[in-house]
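Here is a short set of exercises to work through with the model open beside you. Try each task before you read its solution.

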Amino acid sequence: MQDKNNTQYFKVEIEKQIRVDEVLEIVYAALREKGYNPVNQIVGYIMSGDPTYITSHKNARSMIMKVERDELVEEILRQYIKSSHWE
């Protein structure tokens, strides 16, 4: 029986936030492992919003669906600009 004089605690585990660049790396690797062209598949997903462009291998499909498509485009553009030394 619980003591009614003490405050009870309820703890909800918060899912660890994964960065967009990490999601892209994982999805890219999963697509390559399954023999797909990662660039074509990721572009297909971004353009259409259809998650079937992404393999479910290594939970890649569910991971990419947790990220907004515009965030994916922003991260890809950010990395492109960074690698082009435009900053």
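**Exercise 1. Find which helix holds Val-39, and work out which nonpolar surface patch residues go with Val-39.**

Start with the location: Val-39 lies in helix H2. Helices here are DSSP runs of H or I with at least four residues, strands are E runs of at least two, and both are numbered from the N terminus. Next, the neighbours: Val-39 joins Tyr-28, Val-43 and Met-47 in a nonpolar surface patch of about 400 Å². Patch members have over 30% relative accessible area and no salt bridge; nonpolar side chains (Val, Leu, Ile, Met, Phe, Trp, Tyr) are joined within 5 Å, like charges within 9 Å. The areas come from the Shrake-Rupley method with a 1.4 Å probe, and for residues only the protein chains shown count as cover. Last step: H2 is the top contributor to the patch, with three residues.

A word on the ground rules. This is a predicted model, where local features need pLDDT of at least 70 and side-chain atom pairs count only at pLDDT 80 or more, while totals for chains, interfaces and linings use all residues. Residues are numbered from 1 along each chain as its sequence is written, and side-chain values use heavy atoms, with hydrogens and water left out.

**Exercise 2. Describe the largest nonpolar core and say which element gives the largest share.**

Get the membership first: the largest nonpolar core has 15 residues, and those with the most contacts inside it are Val-23, Val-27, Ile-42, Tyr-45, Ile-54, Ile-64 and Leu-72. Such a core is a set of buried Ala, Val, Leu, Ile, Met, Phe, Trp, Tyr and Cys residues joined through side-chain atoms within 4.5 Å. Buried means under 20% relative accessible area, exposed over 50%, and partly exposed in between (1.4 Å probe, protein chains only). Then sort by element: H1, H2 and helix H3 (60-65) each give two or more residues to this core. The largest share, six residues, belongs to H1.

Now zoom in on Ile-42. Leaving out residues up to four places away in sequence, Ile-42 touches Leu-24, Val-27, Tyr-28, Leu-31 and Ile-54, where contact means heavy atoms within 4.5 Å.

**Exercise 3. Check the length of H1, then list what is buried in H1 and what covers those residues.**

Length first: the 14 residues of H1 should span 20 Å at 1.5 Å a residue, and the end C-alpha atoms are 20 Å apart, so the two agree. The expected span is 1.5 Å times one less than the number of residues. Burial next: Val-20, Asp-21, Val-23, Leu-24, Val-27, Ala-30 and Leu-31 of H1 are buried. Their cover includes H2, H3 and H4.

For comparison, try H4 (residues 69-84): its 16 residues reach 23 Å from first C-alpha to last, close to the 22 Å expected.

**Exercise 4. How many salt bridges are there, and where do Glu-33 and Glu-75 find their partners?**

The rule is a side-chain nitrogen of Lys or Arg within 4 Å of a carboxyl oxygen of Asp or Glu. By that rule the count is four.

- Glu-33 pairs with Lys-58, with the closest N and O atoms 2.9 Å apart. This pair links distant parts of the chain, from Glu-33 in helix H1 to Lys-58 in the loop between H2 and H3, 25 residues apart.
- Glu-75 meets Arg-78 at 2.8 Å, N to O. The two are three residues apart in helix H4, so about one helical turn separates them. Glu-75 is buried at 9% relative accessible area, whereas Arg-78 is partly exposed at 43%.
- Arg-19, Asp-21 and Glu-22 form one network through salt bridges that share partners. Within it, Glu-22 and Arg-19 meet at 3.8 Å, N to O.

**Exercise 5. Which residues other than glycine take a positive phi in the loop between H2 and H3, and what does Gly-35 do after H1?**

The background: most residues other than glycine have a negative phi. In the loop between H2 and H3, Lys-58 has a positive phi near 55 degrees. Asn-59, found in that loop too, has a phi near 65 degrees. Just after H4, His-85 takes a positive phi of about 60 degrees. Gly-35 follows H1 with a positive phi near 90 degrees, and at 66% relative accessibility Gly-35 counts as exposed.
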